[in-house]
Amino acid sequence: MVRANEEVNALLTHPSAKAEVSIVSVEKVKGLDIVCKGRCDLVTMDGTVMVDLKTCEDASPEAFGKSFMKMGYWMQAAHYLKIAQNSGMKVEKFIFVAVEKQKPHSTALYTLDASSLEKAFAIRQRLMENLSDCIARNDFPAYQKGVQALTMPSWIQ
């Protein structure tokens with residue numbers, strides 16, 4: 001159970017904790033106003049912590065670390081912290097609470113180290129600039145146009 005973890009329970013029962021907090025800010029990028037939104041699982045309103053709960057198969061550092069990168073959770077942290085800052089919220093740290101889906105629902109807490117967070121902010125900024133360019137051109141490229149052929153891998157017999 002999630003509350004069995006004393007560190008998680010302390011966050012959940014923090015006197016100023018608010019659950020499901022929506023944050024909206026407007027960010028000027030290359031002269032365009034871009035509305036940015038996020039919905040935090042939990043924020044302590046004293047400005048200390050923003051928390052996101054993630055269910056997973058394995059909350060160990062190795063397994064969750066892989067999921068963390070694959071699912072882009074690092075970008076979520078940078079985005080939420082930036083929109084919080086832009087909206088006037090002071091947040092000291094972003095914590096991910098990893099909760100295993102299977103009993104006994106083991107939990108672990110993670111945060112990005114400072115250099116990784118700086119990289120995430122830089123990548124987010126580049127993506128915001130790309131978005132601004134797409135909005136200005138009204139062109140949002142994705143994949144190739146037309147029907148693409150897929151080939152089965154050679155190991156399939």
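Is Asp133 buried, exposed or partly exposed? I looked this up before anything else. At 25% relative accessibility, Asp133 counts as partly exposed. The cut-offs explain the label, because buried means under 20% and exposed means over 50%. I note here that the model is predicted.

**Entry 1: the partner of Asp133**

I went on to the side chain of Asp133. It meets the side chain of Lys30 in a salt bridge, with N and O 3.0 Å apart. Lys30 sits in the loop between β1 and β2, and Asp133 sits in helix α4, so the pair ties together parts that are 103 residues apart in sequence. I checked the cover on Lys30 as well. Its relative accessible area is 54%, so Lys30 is exposed.

I then looked at the turn around Lys30. Strands β1 and β2 form a hairpin, with two residues between them. Lys30 in this turn has a positive phi of about 50°.

**Entry 2: the sheet**

I traced the strands next. There are five, and they form an open sheet in the order β1-β2-β3-β4-β5. The pairing is mixed. Which strands stand at the edges? They are β1 and β5, the latter covering residues 107–110. Each has a single partner strand, so one side of each is left without a neighbour in the sheet. From one strand to the next, the twist averages 35°.

I reminded myself how strands are held to each other. Strands of a sheet pair through backbone hydrogen bonds, either parallel or antiparallel.

I took the two edge strands in turn. β1 pairs with β2 in the antiparallel sense, over twelve bridges. For Lys18, the bridge partner in β2 is Val43. At the other edge, β5 pairs with strand β4 (residues 93–100), also antiparallel. I found four bridges there. For Ala98, the bridge partner in β5 is Ala108.

**Entry 3: helices on the sheet**

I looked for helices that pack on this sheet. Helix α3, residues 73–86, touches β1, β2, β3 and β4. Its direction makes about 105° with that of β2. Helix α4, residues 114–137, packs on the sheet too, touching β1 and β2. The direction of α4 makes about 140° with that of β2.

I picked Gln76 in helix α3 for a closer look. At 14% relative accessibility, Gln76 counts as buried. What does Gln76 contact, leaving aside its neighbours within four places in sequence? I found Asp52, Lys54, Phe94 and Phe96.

**Entry 4: more salt bridges**

Two of those contacts of Gln76, Asp52 and Lys54, also meet each other. Their side chains form a salt bridge at 2.7 Å, N to O. I checked the cover on both. Asp52 is buried, with a relative accessible area of 4%. Lys54 counts as buried too, at 13%.

I then turned to Lys101 and Glu57. They form a salt bridge, the closest N and O atoms being 3.6 Å apart. This pair links distant parts of the chain, 44 residues apart. Lys101 is in the loop between β4 and β5, and Glu57 is in the loop between β3 and α2. Lys101 is partly exposed, with a relative accessible area of 44%. Glu57 counts as exposed at 57%. How many salt bridges did I count? The count comes to six.

**Entry 5: Thr55**

I moved to Thr55, which lies in strand β3. At 54% relative accessibility, Thr55 counts as exposed. Leaving aside neighbours within four places in sequence, Thr55 is in contact with Val99 and Lys101. I also took a distance to Ala149, 94 residues away along the chain. The two C-alpha atoms are separated by 35 Å.

**Entry 6: Gly47**

I found Gly47 in the loop between β2 and β3. Is Gly47 buried or exposed? Its relative accessible area is 12%, so Gly47 is buried. Not counting residues up to four places away in sequence, Gly47 touches Lys90, Val91 and Glu92. Gly47 and Glu92 are 45 residues apart in sequence. In space they are 6.5 Å apart, C-alpha to C-alpha.

**Entry 7: a surface patch**

I finished on the surface. Val24, Val26 and Val35 make a nonpolar patch of about 260 Å². I placed Val24 in strand β1, residues 17–29. That is one of the two edge strands from Entry 2.

Notes: Residues numbered from 1 in each chain as written. Predicted model: local features only at pLDDT ≥ 70, side-chain atom pairs only at ≥ 80, totals over all residues. Heavy atoms only, no water. Patch = residues over 30% accessible without salt bridge, like charges linked within 9 Å, V, L, I, M, F, W, Y side chains within 5 Å. Areas by Shrake-Rupley, 256 points an atom, 1.4 Å probe, with all protein chains shown as cover. Salt bridge = Lys/Arg side-chain N within 4 Å of Asp/Glu carboxyl O. Pairing = 2+ DSSP bridges. Axes fitted to C-alpha atoms, helices over the stretch in contact; angles between N-to-C directions. Contact = heavy atoms within 4.5 Å. Buried < 20%, exposed > 50% of the residue type's maximum accessible area, 1.4 Å probe, protein only.
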